[in-house]
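Me: I am new to this structure and would like a close look at a single part: the places where metals are held. Could you walk me through them, and then through what else stands out in the chain?

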Amino acid sequence: MNTGQQEHKLDAGFWRATIVMGVISALGMWGVVVFPIERYLPEAAGIAVQIDWLFKFMAFFSVPILVYVNGYMIYFAVRYRNRKGQPLDQPGSSIHDHKALEFWWTAIPSVLMLVLGILSYVLIPQYYTARAASADSVTIEAIGHQFSWEFRYPGLRDPVPDELHLPINVPVTIDSTSTDVIHSFWVPAFRMKQDMIPGMVVPMTFTPTEIGKYEIVCTEFCGVGHSGMRDRFVYVQSRSDFDAWYAAEKTKQAHAPTQLTAAVLASGDAGAGQQLFNARCTTCHNAAPFDQRKVGPGLANLFHDPAHPKLLSGKAPTPADVADILEHGLSGSMGQMPNAQLNGLSAKDIADLVAYLKTLK
Ligand code: HEC
Ligand SMILES: [Cu+2]
């Protein structure tokens, strides 16, 4: 009976491989330290700097673990492969445990995870349960919808769709929630991400520190229009720019709702309407026959096809009927068509859209 192969001793090749991996690790760790994350993704809030530090801390120690675990795996697989001429049932070496090695490869990662856990435990609640407390801080409400964002500012009567304006260097608390399904509010440049949950209000607190325009992304799959919930922006502005925007928004809202008069409706521009349709409506509607459904029905032949039940209940629909749906929304068996407020439509926009819908045969 074959009693097994002689135990392998770690030879010079092993130590050479170990040194090569050491050099690769050192280079990788140096790369992590000097890598300028902010050059590729701006750090536009105080928290972003800290999150990046935490990320680098984690990446720094992950490099040697990655290199040594995979390096040894490859090295041993090659070094002790079954060679030509050896029988396929040749017994492998009888490997024994190595107490010291096992102790350290357990202890070091455990300590690292513990430190990472403690750092996160100290950092995260400062931003996700705390509220901005200083005298000049702002509170804004962010509400997720299928498929748009809505922001409510103190002192503004109506919510502002899809645009978040923030004054620079002013602590802000954003109370987030959702009206329908779970969305996730993410601004990569702030390194802030929070699930928006129906029935729950969760605060996020941070201070924007860099003027600019940064993307807002929904990172929770929330329905067919989910991919449309990006390309919406947060604008970090100087105090004076923010105040000017706020004043303009207030004036605009005081004038709203603009009367959708017959004259306005008749002046609709189909070209402008088509652009609006592509920007605001195609997440839920196709410019195709009724049965080409997305969230709502296809909208071609709106004025002629009896398939459109909400419109053609016995009478021919007029532009005013369609305008009424665009203005006030519609709730039916297919779901909820948002109103003009949520779709961000002015009276002129509605007139343009109706003019465009008329051209869809
Ligand atoms: C969030 C999804 C959503 C968006 C965005 C949306 N709609 Fe709708 N829309 C619907 C749903 C759902 C219905 C059907 C409601 C029902 O009857 O059950 C609908 C119905 C309609 C109808 C009535 C159609 C019919 O046959 O009865 C019209 C007209 C319409 N939408 C136009 C628009 C226009 C124009 C836009 C862009 C400004 C738009 N919608 C944006 C979801 C949406
Ligand atoms: Cu979403």
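Reply: Happy to help; what follows starts with the copper ion, moves on to ligand 1 and its iron atom, and ends with aromatic rings and some backbone details. Please keep in mind that this is a predicted model.

Let us begin with the copper ion, which is ligand 2. Four residues coordinate this ion: His183 through ND1, Cys218 through SG, Cys222 through SG and Met229 through SD. The distances run from 2.1 to 2.4 Å. What is the geometry of the site? The 4 donor atoms make angles of 98 to 121 degrees, and the site is tetrahedral. The ideal angle for four tetrahedral donors is 109.5 degrees. Four donors count as tetrahedral here if all angles lie between 85 and 135 degrees, so the angles of 98 to 121 degrees at the copper ion meet that rule.

It helps to find these residues in the sequence too. The donors of the copper ion follow the spacing H-x34-C-x3-C-x6-M. His183 sits in strand S6, residues 183-187, while Cys218 belongs to strand S9, residues 212-218; the pair therefore ties together parts that are 35 residues apart in sequence. Are His183 and Cys218 buried or exposed? Both residues are buried.

Now for ligand 1. The iron atom of this ligand is coordinated by His285 through NE2 and by Met337 through SD, at 2.0 Å. Around the iron atom there are 6 donor atoms, and because they subtend angles of 87 to 180 degrees, the arrangement is octahedral. For six octahedral donors the ideal angles are 90 or 180 degrees.

The two protein donors of the iron atom link distant parts of the chain: His285 is in the loop between H8 and H9, Met337 is in strand S12, and 52 residues separate them. His285 is buried, with a relative accessible area of 9%. Met337 counts as buried as well, at 18% relative accessibility; the cut-off for buried is under 20%.

Stepping back from the iron atom, we can look at the whole shell. Ligand 1 is surrounded by 27 residues, and the closest are Cys281, Cys284, His285, His308 and Met337. By class, this shell has 15 nonpolar, 10 polar and 2 charged residues. Which elements supply the shell? Helix H8 (270-281), helix H9 (319-328), strand S11 (330-332) and strand S12 (335-337) each give at least two residues. The largest share, 3 residues, comes from S12.

Some backbone atoms also come close to oxygen atoms of the ligand. A polar backbone atom of Met334 is 2.7 Å from an oxygen atom of ligand 1. For Ser333 the corresponding distance is 3.2 Å, and for Gly335 it is 3.5 Å.

Next come the aromatic rings. A pair of aromatic rings is described by the distance of the centres and the angle of the planes. The count in this model comes to 21 aromatic pairs. One of them joins Tyr72 and Phe76, a stacked pair with 5.8 Å centre to centre and 25 degrees between the planes. Both residues lie in helix H3, residues 46-79, and they are 4 residues apart, about one turn of the helix. Phe76 is partly exposed, with a relative accessible area of 32%. Tyr72 and Phe76 also belong to a cluster linked by ring pairs, together with Phe14, Trp15, Tyr68, Tyr75 and Tyr80.

Another pair is formed by Phe277 and Tyr356, which are tilted, at 5.3 Å centre to centre and 50 degrees between the planes. This pair links distant parts of the chain: Phe277 is in helix H8, Tyr356 is in helix H11 (residues 347-359), and they are 79 residues apart. Phe277 is buried at 2% relative accessible area, and Tyr356 is buried at 7%.

Finally, a few backbone details. Gln146 and Phe147 are joined by a cis peptide bond, with omega about 5 degrees. Phe147 has its place in the loop between strand S1 (138-145) and strand S2 (148-152).

Which loops hold the residues with positive phi described here? Arg191, with phi near 60 degrees, is in the loop between S6 and strand S7 (192-196). Asp231, with phi of about 65 degrees, is in the loop between S9 and strand S10 (232-237). Arg191 counts as buried at 12% relative accessibility, whereas Asp231 is exposed at 56%.

Methods:
Residues are numbered from 1 along each chain as its sequence is written. Chains are lettered from A and ligands numbered from 1 in the order in which they are written. This is a predicted model: local features need pLDDT of at least 70, side-chain atom pairs count only at pLDDT 80 or more; totals for chains, interfaces and linings use all residues. Side-chain values use heavy atoms; hydrogens and water are left out. Donors are N, O and S atoms within 2.8 Å of the metal (3.2 Å for Na, K and Ca); water is not among the atoms, so sites may look incomplete. Four donors count as tetrahedral if all angles lie between 85 and 135 degrees; four count as square planar and six as octahedral if opposite donors are over 155 degrees apart and all others between 65 and 115; anything else is irregular. Buried means under 20% relative accessible area, exposed over 50%, partly exposed in between (1.4 Å probe, protein chains only). A residue is near a molecule or strand if one of its heavy atoms lies within 4 Å of it. A polar contact is a pair of N or O atoms within 3.5 Å; within protein, one must be able to donate a hydrogen and the other to accept it, and residues adjacent in sequence count only if both atoms are side-chain atoms. Ala, Val, Leu, Ile, Met, Phe, Trp, Tyr, Cys and Pro count as nonpolar, Asp, Glu, Lys and Arg as charged, and the others, Gly among them, as polar. Rings of Phe, Tyr and Trp (its six-membered ring) pair if their centres lie within 6.5 Å; planes under 30 degrees apart count as stacked, over 60 as edge-to-face and the rest as tilted.
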